[in-house]
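Here are my notes for when you open the model. Have it on screen and go through the points in order.

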Amino acid sequence: MIRENVQKILNELPRGVDLVAVIKGRSTEDILSAIEGGVKVLGVNYIKDLRSLFPVIDRKVSWHYIGIAKVEKHDLLRKRYLEIFDMIETVDSVDLAKELDKRCASIEKVMPILIEVNIGREPQKSGVDPDDVADVIREVSPLKCIKVMGLMTMGPLIDNPERLRPYFREMKQLFDYIRDLQIPNTEIRYLSMGMSNSYKVAIEEGANIVRIGTRLFEG
Ligand SMILES: *Cc1c(COP(=O)(O)O)cnc(C)c1O
């Protein structure tokens, strides 16, 4: 079932759009089925999930951190976890970027990061205000052990994906604007947005990473 779900979605995705399988609350067995189906990247919300999963799955996939960084910062900054992650998608402050840089320097790794954007300008949500994204990237881009590679957003919690379209569109405009600034030491390539109920609209609006959980694991 899971394998078929994965294959169906992979077949739907246009070339150049990457799938991140979001594994929160899923069993190791289900995650392994998804990998058999062709999943190449796992999205991790809770670092504690790595303790049992990484020894089993290891480098069969890439690992993206997509959790709430300020809640999990203590664990996220541990060397053993930084060694595992191939990308941190939810960097939402200059301070976090600086701490990541320092810790990554100590393990001689350059960590690809995305800047999380609060595109709905929702007071309770994490993410950088859209108006501040360029300044944040300018400030963190000289750091040697992180590399800004794009933007990520959750978007407001709205069921109807058509009502999310304006937010995705604004993200794409921001993404293009940031890319065209050509800030040194950045490589603005990835726009991560869209989940189970919204990934089609997100792709239409320019996403090239979609983060999907429910649709893969529950059909
Ligand atoms: C849970 C989650 C997703 C996937 O949500 P689904 O609706 O299950 O596809 C994507 N991104 C983040 C950051 C999440 O926490």
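1. A word on names: helices (H or I, at least four residues) and strands (E, at least two) are DSSP runs, numbered from the N terminus. With that in hand, E170 sits in helix α8. Keep in mind that this is a predicted model, where local features need pLDDT of at least 70, side-chain atom pairs count only at pLDDT 80 or more, and totals for chains, interfaces and linings use all residues. Residues are numbered from 1 along each chain as its sequence is written, and side-chain values use heavy atoms, with hydrogens and water left out.

2. Staying with E170: is this residue buried or exposed? Neither, quite: E170 is partly exposed, with a relative accessible area of 28% (buried means under 20%, exposed over 50%, partly exposed in between, using a 1.4 Å probe and protein chains only). Which residues does E170 touch, not counting those up to four places away in sequence? They are I119 and R121, where contact means heavy atoms within 4.5 Å. E170 and I119 are 51 residues apart along the chain, yet 7.6 Å separates their C-alpha atoms.

3. R121 deserves a second look. It is found in the loop between β5 and α7 and counts as partly exposed at 39% relative accessibility. Its phi is near 50°, a positive value in a residue other than glycine. Most residues other than glycine have a negative phi. N185 also has a positive phi, about 70°, and is not a glycine. N185 lies in the loop between α8 and β7 (190-192) and is partly exposed, at 34% relative accessibility.

4. Now helix α6 (residues 94-106). Its 13 residues should span 18 Å at 1.5 Å a residue, and the end C-alpha atoms are 19 Å apart, which agrees (the expected span is 1.5 Å times one less than the number of residues). The buried residues in α6 are V94, L96, A97, L100, D101 and C104. Seen down the helix axis, the buried residues of α6 fall within an arc of 155°, so they line one face; the arc is that of the directions from the helix axis to the C-beta atoms. D95 and K102 are exposed on the face turned away from that buried side. After α6 comes E108, with a positive phi near 50°.

5. What does the buried side of α6 pack against? The list is α4 (69-76), α5, β4, β5 (111-116), α7 (133-140) and β6 (146-152). From the other partner's viewpoint, the buried residues of α7 are V133, A134, V136, I137 and V140. They fall within an arc of 160° seen down the axis of α7, so they too line one face of their helix. These residues of α7 pack against α6, β5, β6 and α8 (165-181).

6. Helix α3 (residues 48-57) has D49, L50, L53, F54 and I57 buried. They cover an arc of only 105° around the axis, which puts them on the same side of α3. K48 and P55 are exposed on the other side. The cover over the buried residues of α3 includes α2 (28-37), β2 (41-44), β3 and α5. Just after α3, D58 takes a positive phi of about 50°.

7. On to the strands. β1 (residues 18-22) pairs with β8 in the parallel sense over 4 bridges (two strands pair if DSSP finds at least two bridges between them). A21 has I212 as its bridge partner in β8. Both faces of β8 (residues 209-212) are covered, with I209 and R211 buried on one side and V210 and I212 buried on the other.

8. Last, the core. The largest nonpolar core has 73 residues, and L42, W63, F85 and L151 touch the most other members. Such a core is a set of buried Ala, Val, Leu, Ile, Met, Phe, Trp, Tyr and Cys residues joined through side-chain atoms within 4.5 Å. Leaving aside neighbours within four places in sequence, L42 has contacts that include V20, A21, I31, I57 and W63. As for F85, both Y65 and F85 are buried.
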